[in-house]
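Student: Hi, I've just opened this one and I'm new to it. Can we go through it together?
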Amino acid sequence: MMEYRVAIAGATGLVGQEFIKVLEQRNFPMSSIHLLASDRSAGKKLFVNHQEVEVKETVPESFKGIDIALFSAGAETSRHFSPIAAQSGAVVIDNSSAFRMHSEVPLVVPEINPEDIKWHNGIIANPNCSTIQMVVALYPLHKVNPIKRIVVDTYQAVSGTGSAAIEELTTQAKQVLNGQSTIPHVYPHQIAFNVLPEIDVFLDNGYTKEEWKLVEETRKIMHASDIAISATCVRVPVFTGHSEAIHIEFSRVMSPDEARHILAQAPGVKLLDDPIISLYPQPWSAASSDEVFVGRIRRDASHPNGLTMWVVTDNLRKGAALNAVQIAEEIVKRDWIHPEDKKWKNLGDY
Ligand SMILES: NC(=O)c1ccc[n+]([C@@H]2O[C@H](COP(=O)([O-])OP(=O)(O)OC[C@H]3O[C@@H](n4cnc5c(N)ncnc54)[C@H](OP(=O)(O)O)[C@@H]3O)[C@@H](O)[C@H]2O)c1
């Protein structure tokens with residue numbers, strides 16, 4: 001079996017740590033692993049498969065001889081280093097928003113559009129966490145009964161913002177319980193015992209960038225440019241696990257039972273839907289799991305062709321690291337790593 005030289009850019013971050021776990025748990029065929037971060041972490045030691053590995057500063061030479069580079073070091077770092085890594089011969093799977101809507105970059109959820117990986121030019125984008133869980137739950141239904149409109153409200157955990165946000169929620173929760181005042185650093189307001197309807201920057205149209213990612217990325221992944229989508233993204237004081245209330249209008253009537261039947265067989269989905277025993281997805285129990293959990297499926301009382309559901313997943317796993325490693329597995333399985341007839345286009349000036 002072929003083994004691959006793998007680099008993780010952003011290895012010391014929340015997603016980077018999850019990359020290491022997922023690669024280990026899925027026995028990804030690695031001949032070597034190269035852990036990269038900023039100069040702040042150079043020299044730090046992390047364990048991979050029980051072996052100590054030193055973290056190195058990310059520099060252009062870091063990607064020489066690398067087959068697969070997993071990036072989770074923020075959009076700026078991706079914008080700078082991903083094209084360098086691709087030109088060095090690596091296939092980059094990028095977790096940031098830097099290249100997701102680039103027309104030469106596939107945006108992939110392996111349960112939905114693995115074939116798109118084939119037209120990559122050295123960079124493949126991993127979608128936004130809130131988009132991934134929504135499309136994994138909706139695409140199997142869309143294939144049977146095309147979706148016309150989606151209204152989604154998200155309840156997003158602080159781990160979606162990175163390690164500094166975990167620290168902020170922990171500190172503030174203690175301060176509030178001790179009757180002390182809080183000073184926000186990561187978010188514009190206190191997050192402990194609060195909810196904030198602001199994720200990423202505000203756009204001219206009144207939506208936030210996070211909300212607009214759900215609109216654009218969903219259409220690109222599902223190859224469905226005409227689905228109408230509206231989103232409200234909300235940060236909640238949960239450590240891990242994003243939740244979404246999704247309201248869907250189909251082309252024709254779909255009963256809750258039909259949706260349950262389809263989703264019970266859908267890849268990556270687990271149904272938790274029995275209101276009688278209060279069985280429904282929750283972020284606390286979804287954390288550290290791989291599935292996208294779906295429940296509360298019911299008719300949407302406001303539209304004859306409508307359904308409403310509640311969807312939860314671990315944002316660091318299926319929402320980030322797991323999806324990216326699944327993309328790497330597809331590349332390996334289909335031998336799309338070094339297609340002989342292919343020379344990467346330079347995407348560096350995007
Ligand atoms: N958290 C999620 O749920 C999630 C989901 C999907 C996508 N993402 C994306 O994944 C990326 C990382 O998220 P995270 O949650 O892991 O953040 P994080 O915990 O803050 O970690 C950031 C990582 O990036 C590294 N880094 C920062 N500046 C760098 C630079 N100039 N050069 C090289 N490495 C640098 C950091 O290294 P140091 O330790 O040396 O500072 C650290 O390893 C972001 O682009 C984010 O949008 C996150």
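Student: Let me start with one residue. Is Lys-213 buried or exposed?
Tutor: Lys-213 is buried, with a relative accessible area of 11%. Keep in mind that this is a predicted model.

Student: OK. What does the side chain of Lys-213 meet in a salt bridge?
Tutor: Its partner is Asp-200, at 3.1 Å from N to O. Asp-200 sits in the loop between α4 and α5, while Lys-213 is in helix α5, and the two are 13 residues apart. Asp-200 is partly exposed, with a relative accessible area of 34%.

Student: Why would two side chains like that pair up?
Tutor: Side chains of opposite charge can pair when their charged atoms come close.

Student: How many salt bridges does the structure hold?
Tutor: There are 15. One of them joins the side chains of Glu-115 and Arg-334, at 2.7 Å from N to O. That pair links distant parts of the chain, 219 residues apart: Glu-115 is in the loop between β6 (91–94) and β7 (123–125), and Arg-334 is in the segment after α8. Arg-334 counts as partly exposed, at 28% relative accessibility.

Student: And what does Arg-260 form a salt bridge with?
Tutor: With Asp-273, where the closest N and O atoms are 2.8 Å apart. Here Arg-260 belongs to helix α6, Asp-273 to the loop between β11 and α7, and 13 residues separate them along the chain. Arg-260 counts as partly exposed at 24% relative accessibility, whereas Asp-273 counts as buried at 17%. There is also a network: Glu-18, Lys-21, Asp-290 and Arg-317 are joined by salt bridges that share partners.

Student: Let's stay with that loop between β11 and α7. Which residues form a nonpolar patch on the surface?
Tutor: Ile-276, Ile-277 and Leu-279, with about 340 Å² of accessible area together. Ile-276 is in the loop between β11 (269–271) and α7 (283–286), and at 78% relative accessibility it counts as exposed.

Student: Where is Ser-278?
Tutor: Ser-278 is in the loop between β11 and α7 too. Its phi is positive, about 55 degrees, although Ser-278 is not a glycine. At 45% relative accessibility, Ser-278 counts as partly exposed.

Student: What about Arg-296, what is its phi?
Tutor: Positive as well, about 50 degrees, and Arg-296 is not a glycine either. You'll find Arg-296 in strand β12 (residues 292–299). It counts as partly exposed, at 36% relative accessibility.

Student: New topic: how many disulfides does a search of the whole structure find?
Tutor: The search finds 0.

Student: Hm, why is there no bond between Cys-129 and Cys-233?
Tutor: Because the sulfur of Cys-129 is 9.0 Å from the one in Cys-233, its closest cysteine sulfur, and that is too far for a bond. A disulfide needs the two sulfur atoms within 2.5 Å. Looking from the other side, the closest cysteine sulfur to Cys-233 is the one in Cys-129, again 9.0 Å away.

Student: Are those two cysteines buried or exposed?
Tutor: Cys-129 is buried, with a relative accessible area of 13%. Cys-233 counts as buried too, at 0% relative accessibility.

Student: Now helix α8. How far apart are its end C-alpha atoms?
Tutor: Only 21 Å, for a helix of 17 residues (317–333). A straight helix would reach 24 Å at 1.5 Å a residue.

Student: Where is the kink in α8 centred?
Tutor: On Asn-323, with a kink of about 35 degrees. As for cover, 15 of the 17 residues in α8 are buried. Asp-335 follows α8, and its phi is positive, near 55 degrees.

Student: Last bit: how far apart are the C-alpha atoms of Gln-190 and Gln-172?
Tutor: They are separated by 7.4 Å, with the two residues 18 apart along the chain. Gln-190 is in the loop between α4 (163–177) and α5 (209–222), and at 25% relative accessibility it counts as partly exposed.

Student: And what separates the C-alpha atoms of Ile-262 and Ala-165?
Tutor: That one is 37 Å, for residues 97 apart along the chain. Ile-262 is in helix α6 (residues 256–264) and is buried, with a relative accessible area of 15%.

Key: Residues are numbered from 1 along each chain as its sequence is written. This is a predicted model: local features need pLDDT of at least 70, side-chain atom pairs count only at pLDDT 80 or more; totals for chains, interfaces and linings use all residues. Side-chain values use heavy atoms; hydrogens and water are left out. Patches are made of residues with over 30% relative accessible area and no salt bridge: like charges are joined within 9 Å, nonpolar side chains (Val, Leu, Ile, Met, Phe, Trp, Tyr) within 5 Å. Accessible areas come from the Shrake-Rupley method with a 1.4 Å probe; for residues, only the protein chains shown count as cover. A salt bridge is a side-chain nitrogen of Lys or Arg within 4 Å of a carboxyl oxygen of Asp or Glu. Helices (H or I, at least four residues) and strands (E, at least two) are DSSP runs, numbered from the N terminus. Buried means under 20% relative accessible area, exposed over 50%, partly exposed in between (1.4 Å probe, protein chains only). The expected span of a helix is 1.5 Å times one less than its number of residues. The bend at a residue is the angle between axes fitted to the seven residues ending there and the seven starting there.
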